[in-house]
Amino acid sequence: MQAARAATGNPPAPDSSRENGEAPQNTPAAPTDVSHPSQPLAPDTTNQPRQPAEHVDEILNVLKTSFPLLILSLETMVEQISHKFKLTADEDIYRNICLLLQDAVQNYVVRMNSPDDDGLLVQHTVDTILRMAANIPHPVRKDYEDDFLHSKPNLYEYVQRLQQWRDRYEGFLDARPRVQQLAMLSHYLTEFQYSKVDEIEVPGQYTEEKDSNQNFVRIQKFGPKVENCRSSGISWRRFTLYGSDNSRIAFAVQLPGYRQYRREDRVSQLLRTFNSTLSRKKESRKRNLHFHLPAAVSFSPLVRLVQMDASYIPLGDIYDRHCNSIGISKEEPILYSGEKVKKVLKEFRQSTSRQLTKTEYLTLKKDIYDEVTVKMVPEDLITRYMISTMANSDELWRMRKQFTLQIASTAFMTYVLCLSSRHPHRFHVSCSTGLIAMSELLPGVSNVMPLFATNDVVPFRFTPNMQHFVGPIYIEGLITSGILAIARSLTEPEFELEQSLCLYSRDEVNSWMAMRNQAWQTDAIFRQSVSANVDGVVKRAESMACKIEREQAVTNVPVIQTVTNLISSATNPIQLAKMGEMYHPWF
């Protein structure tokens with residue numbers, strides 16, 4: 001290198017050992033060029049790490065050069081799905097109205113503990129209404145502004161009007177044909193088997209841990225029909241791919257994708273590595289314990305494909321069907337609880353001139369929780385739905401057993417990774433297999449430090465309806481042993497779990513800093529945060545493995561005491577009442 005620099009007339013890099021106080025190396029000194037003493041040396045960029053975008057550009061250039069026909073087919077297919085499967089005007093209005101309704105109900109729950117609240121809309125809500133008006137088409141915008149801006153409703157009236165709009169557009173969407181021809185959306189996808197110029201693999205196969213892609217299934221053609229689907233606050237379309245092995249794989253088009261789906265991809269990748277461990281361990285393999293993670297493929301920053309067929313139903317849809325059958329709105333239990341709390345707080349302060357104590361307030365919440373369970377939301381909704389769905393008693397028995405094992409896996413991942421906000425619509429149950437897929441797998445993080453934390457009082461979701469369907473025998477027999485088997489399989493031998501968590505914890509800390517516009521620096525605080533997150537996950541997993549009980553061998557204490565305490569906390573009605581109305585603790 002020095003000879004090359006001497007040949008070109010450039011000076012060599014200065015010896016940094018003298019500046020650091022080290023002994024000079026025994027190398028001959030090169031002549032110094034003094035003709036331009038004021039000219040600065042060019043920065044040496046050879047040792048600087050390359051940015052991720054540069055690696056992506058390099059891969060794309062190689063692919064376009066080596067496989068031009070494959071890239072042409074992929075780009076055309078992605079463009080067709082992104083353009084032809086986008087939301088219609090009614091679907092977009094429905095999505096925006098549901099977002100406004102969710103925000104309004106959340107504000108109502110926060111303000112219901114103030115008996116002196118005037119009930120008027122805060123300025124933040126008014127600004128949100130104005131901002132959403134820009135997304136409403138012109139034929140509907142006048143009615144939207146009359147109902148929510150010009151009439152100046154209070155918070156309770158605002159929620160009721162949003163409910164009316166939501167119900168109206170749900171009627172519009174449900175009146176559509178359930179199935180439509182793919183040819184009405186895209187002729188290119190319909191004739192894909194004739195126009196494709198290269199073999200394209202079915203999406204999602206690279207998420208599986210396979211040694212080679214030689215046996216991956218290729219796309220043979222697109223199914224002739226597309227399903228129009230609607231769930232709690234969202235609507236989407238589902239299409240089917242026919243594989244080269246005559247298989248049929250259904251994909252739901254998630255458009256637009258939510259903001260933090262990259263974090264969910266990291267959690268899914270981590271849990272897939274856990275699945276490989278569970279498949280090798282005897283105790284977890286014989287119980288068929290694993291984390292169910294449908295393949296999710298990002299087509300673009302706004303389009304995402306999720307492998308989910310028509311057999312999946314969110315628990316929130318079962319609740320919505322019950323509300324429709326008895327003629328109440330979906331938010332009626334929440335509004336009933338809020339009005340009851342306001343009334344009791346106001347009457348109590350007028351009669352005693354003081355506020356409720358914490359114990360009295362919890363007693364009030366527990367009484368309202370019991371009243372809602374008796375009058376509006378009974379504890380056998382899931383059981384009745386499964387009985388009406390299953391073909392016979394054998395199918396119901398298999399469904400209940402698989403559902404119970406999946407509750408054990410979802411309980412483990414929720415508690416260990418601090419997955420917060422486990423609402424009913426985030427649990428997708430397959431009526432054909434009993435598998436449970438959770439959406440929005442985002443770990444809770446503290447606002448002060450980049451550490452995993454959650455505000456949930458209960459360790460995981462195990463509400464009365466889930467308890468009733470599982471039953472006391474499966475709770476004591478399958479859930480307890482299932483959680484213990486998963487935890488022991490992932491924590492033994494010692495320190496194996498830590499090696500799988502280092503990169504994941506680093507990326508989560510990096511995301512926390514990026515969301516707060518902080519520079520990523522591998523300083524002491526960064527390393528401490530990564531280490532603290534890893535230690536916290538390992539400690540929670542070891543507690544679920546009942547490590548202390550097995551090592552200390554305390555007499556008169558069951559080996560599964562920690563798991564039993566967690567299940568007792570998750571099923572305690574007082575703890576569920578503390579979770580708040582948005583959690584739907586009665587369901």
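What share of the 587 residues of the chain counts as buried? In this predicted model, the figure is 43%. The accessible surface of the chain amounts to about 31,700 Å², and carbon and sulfur atoms account for 53% of that area. Along the principal axes, the C-alpha atoms fill a box of roughly 95 × 70 × 55 Å.

In secondary structure, the chain holds 24 helices and 10 strands. Contacts also reach across the sequence: of those between residues at least 6 apart, 72% join residues at least 24 apart. As for charge, the chain carries 66 positive and 68 negative charges, and the mean positions of these two sets lie 3 Å apart.

A good place to look more closely is the sheet built from strands 8, 9 and 10. These three strands form an open sheet in the order 8-9-10, with antiparallel pairing. Strand 8 (312-314) and strand 10 (436-438) are the edge strands, each pairing on one side only. On average, and with direction ignored, neighbouring strands of this sheet are turned by 30 degrees against each other. Strands of a sheet pair through backbone hydrogen bonds, in either a parallel or an antiparallel manner.

Between strand 8 and strand 9 (residues 427-430), which run antiparallel, there are three bridges. One of the residues involved is P314, whose bridge partner in strand 9 is H428. The same two strands also meet a helix: helix 13 (residues 315-326) lies across strand 8 and strand 9, and this helix runs at about 65 degrees to strand 8.

Notes. Residues numbered from 1 in each chain as written. Predicted model: local features only at pLDDT ≥ 70, side-chain atom pairs only at ≥ 80, totals over all residues. Heavy atoms only, no water. Pairing = 2+ DSSP bridges. Helix = DSSP H or I, 4+ residues; strand = E, 2+ residues; numbered from the N terminus. Axes fitted to C-alpha atoms, helices over the stretch in contact; angles between N-to-C directions. Contact = heavy atoms within 4.5 Å. Buried < 20%, exposed > 50% of the residue type's maximum accessible area, 1.4 Å probe, protein only. Areas by Shrake-Rupley, 256 points an atom, 1.4 Å probe, with all protein chains shown as cover. Lys, Arg positive; Asp, Glu negative; His and termini not counted. Charge placed at Lys NZ, Arg CZ, Asp CG, Glu CD.
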